Structures are given as C-alpha cells and as structure tokens.
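Here's a quick briefing on a ligand site and one acidic residue in it. Have a look at the model first, then read on.

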Amino acid sequence: MTTSDYQFLPPLLPEEFEALKTSIAERGVDVPIIVDQDGNVIDGYHRERACDELGIYCPREIRHFDNETDKLELILSLNCRRRQLNRKQKRSVIEAYLLRDPQIADNFLAEIIGGISKNTVAAVRGELEGTCQIDKFDVLRGRDGKQRPVQYKKIVANTQKEVDAAKKVIGDLPDSSAGKLLNVVTARREVETEKRRQDPYDFYPTPRGATEALLRVEQFSKEVWEPACGEGAISDVLKQAGYAVDSSDIVNRGYGQVENFLTTERRATDIITNPPYRQGDEFVRKALNITTRRVAMLFQLSFLTSEKRRAILSESCLKKIYVFEDRVSLYKGGSEYRGNGQLGYAWFIWEHGYSGEPTISWINSRLAGAMLRPIEDTLTTNSSADRGPSQDESVDSHSNDLIRELCIHIWDADDMDALMDSNRIVSEWAQLEGISLSLAERLVKELPDEVRRLLDNGLPPAA
Ligand SMILES: C[S@@+](CC[C@H](N)C(=O)[O-])C[C@H]1O[C@@H](n2cnc3c(N)ncnc32)[C@H](O)[C@@H]1O
C-alpha cells in the first residue's frame, strides 16, 4: 500500500486545516506524525502537509508494523478519537475501512470508531457485499486478532409465504439470536420478546377486525372511553361506528390526551380498551372502580389461567368472553406480519350488576364490513343485548354465519397455497353446507372485499 491508501478518513475542512497550520506556525508540531517502516504516513497527513506549506520539517516517529491491519486499526482509533465525525462521515469511514480490511468483525470496528453500533457496521457491510465490492466471509477477525465464525441471524423457510415472513422479521431479530437457525414462528416470538423488553409500555395496536368483531356482538353507551388508546386503532373503529370516544394514553403517540389511567380520578360509563398486558389486572380493577356500566378489554386467552387473577375473573361481574376463532395477530407497533397469530385472544366483557357465570362465544376478526350492532341507548334499562334476537336479526345472523363459514373455507384454500379455482371452491362449499349453488353465489357477493379479492385472483369467479 502507498501513503494515499491510508488516507481514508474525510479530509479536514479548509478552515480546520488553516487553524492547524496557524497553530503549527505558532507552537510547532505537538505530536510527531507516524510513518511505517516503508515511509508511508500512517497518521499525521494534515500535519505533514501544513509543515510542507510552512517550509518546516515535520517530526516523525518510525514504527514497525507486522501487518497491514495493525496500521489500519491504528489510523482509525487515533483519528476517530481525535475528531468529531457526524453519522454520515462515520458511515463513509466504515465503508472506506471495510474496503481495505473486510475481515474485521462488526463489533470490533464499531468499538474502534466509537459512537456507533455493530448493526451500523453490519448494514454498511451488507451494502458492500450486495454490490460485490467486498466478499462475504464466514470467519471474521475480532479484537484479540483471533478469527471467529460469523454468527449470522438465520431463519429457515419451507414455503414462499414463510420466505416473505422471514424477510420481514429477520432485521428485527435480537443479537442473542445470531448463530441459531430459527423457524418463522420462533423468530417472530424472539422479535416480540425483544420489543416487549425494550418498550415498557407494551404498545401493541389492535387490528381493525378485532374491534369490528366486538361491535358485531356487543353494544355500548354512546359515550365510551379508550384509556390506553395507543395510536387510536380501537378509537378510530369506534368513532366510525358512531360512538363519541374519549381517548387517552400514558405515552403521547399523537392520539388523544396524555394520561396515566391507573392514577386518573375521572369516571366513565363504558370503557373499551386493549390494555398493556403486563398491567392487565390493574387495568381491570381500575376500570371496574370508575365505570358505571360496562368494561370491554382485549386479552390473550392465557389471561384466564392465573391463580392470582381468580378474584378478578370469578368474583367480579365478568359476563362474557368472546374468543377469536381466527387467531387474531397483534404485533408490536410498526411491525406487522401477515398470517395467523400464535396466541389466542378474547374480548372480556364486564357488566356492572351482572352476577351469573360468564359465558363463552366465538367471534371472527376477518369478517370486515359485516353488520355492526347499533349503539346502545344509555337511557334504556334493559340493554337490547339481553333481549332475544328479532326475526330480522336471526335471518341476518344466519347469513352472517354462512358468510363467515365461506370466508374460512376460502382462507383454508388460500393457506394451502393451491391455485384458487373459485367455481370449485364455491360449489364444494355449497355442498358441504347443504345450500343451493344460487344461494352460495349470492353470498359470494356479500363477502368482505379482501376475501373476494382472494377468490378473484383465482380462476374466473362463480357466475
Ligand atoms: C396493547 S397497547 C394497545 C393500544 C391501543 N389500545 C390499541 O388497541 O391499539 C397498550 C397501550 O397502553 C398504554 N399504556 C400503558 N400503561 C398505561 C397507563 N398506565 N395508562 C394509560 N395508558 C397506558 C401504552 O402506551 C400502549 O399504547
């Protein structure tokens, strides 16, 4: 290598160079420059140039280096400590360094440069590997000079769907997963656990369909409070259904007011929320203390299985549990993956004054657009949820049941990754349900858009 090969840090700005020159002219060179056994300037290129321009001799220290990497590491450690580099400059230093010494371990390079994470180095390395500017190495050199196998983050995928899912999660995997070969399910779980660890407030937005499913089976007072509103996923659906919604959250996520629900002194008629899971018990107790009619909360089914929660569940006015039959997926804010969630969820409904045993029913979050129950008239004493269904309602609910079954049939076909033959799917299903093909075809027209789209992407739809 020649001297210029060792100049990979960004040059000083003209005014910085002038200041250095003035200082050398007034006080001389404080620290001699370092040159290698071949005379290449390893450290002090600007000092040497300033001395040349001033016409004075620049003191130098000749050092013997056993190898090239020792020189590069020295240049980095001296310069990065001495100079304030911004993020962009640091990235270009990483790039320049990796082009010369690509086998350095990411964490070691990050440590030498300082103020950056090994993920930044890994990202720059990925770009250089992707554009074939450097080779991909299986073994990298750590701080102690020893070569170690690269600990890649790896996910095994058996279908195209899993490949797509893997691509979405792999970047979020924690460092602790490096070196393990994970399947998609475990990878998602690791990402979730890591994000949960990082966010003490448990932000998991509720998918729209989960709130719609609740509103198809339950009705609430006109005015409801969402006291852990996040970015408003539940509040928005409630508002669109005609409710007047008060929204708040302990964190300012750009929606509603900022308020700690657990210390609030406000009161409410009905509360609907998906609370932070780790404070579920406290949220239920608080909500029951400050409401006068109903509380609806979304929890994992495992909420049912804890001894310490027995009191909340058996001694309170818990009236209904609506279990999601379709494994609704809740993912940490910002990261949304397609496919079934691995955890079962349910809406838990408490109603003041109710003293019987809770009942369990099943609901589905994927029936977007199906009929919602009307808003409750707060002045009526018997809620219409307690009355038997009217004749019209039972006709509607039968078609709704059929539509729901048809959706499930279509999702199952889609999950099997088979080529969609919509005629066959609809006629097969009509036979299974024992209904006429013409009724089945009419119901196809009532399917939610996203399910219709799945059918339409197959062969021509049923006539
Ligand atoms: C599981 S997320 C649900 C967000 C929103 N309800 C939704 O369904 O999209 C829980 C939310 O509770 C909020 N939270 C946590 N502790 C809280 C507290 N003591 N008071 C109010 N909000 C809280 C978090 O900031 C987070 O936004």
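Which residues are closest to the ligand? They are Thr206, Glu226, Ala228, Asp249 and Arg253, out of 27 that surround the ligand (near means a heavy atom within 4 Å). Bear in mind that this is a predicted model, where local features need pLDDT of at least 70, side-chain atom pairs count only at pLDDT 80 or more, and totals for chains, interfaces and linings use all residues. Residues are numbered from 1 along each chain as its sequence is written, and side-chain values use heavy atoms, leaving out hydrogens and water.

**Ligand contacts**
- Thr206 puts a polar side-chain atom 2.4 Å from a ligand oxygen (polar contacts are N or O pairs within 3.5 Å; within protein, one atom must be able to donate a hydrogen and the other to accept it, and residues adjacent in sequence count only if both atoms are side-chain atoms).
- Ala228 uses a backbone N or O atom, 2.5 Å from a nitrogen of the ligand.
- Asp249 has a polar side-chain atom 2.7 Å from a ligand oxygen.
- On its own the ligand has 590 Å² of accessible area, and the protein covers 99% of that (Shrake-Rupley method, 1.4 Å probe).

**Asp249 within the protein**
- Asp249 sits in strand E9, residues 244-249 (strands are DSSP E runs of at least two residues, numbered from the N terminus).
- The Asp249 side chain also reaches the backbone nitrogen of Val251 at 2.9 Å, and that of Gly230 lies 2.7 Å from one of its polar atoms.
- Leaving aside residues up to four places away in sequence, Asp249 touches several residues, including Pro227, Cys229 and Gln257 (heavy atoms within 4.5 Å).

Notes:
Helix = DSSP H or I, 4+ residues; strand = E, 2+ residues; numbered from the N terminus.
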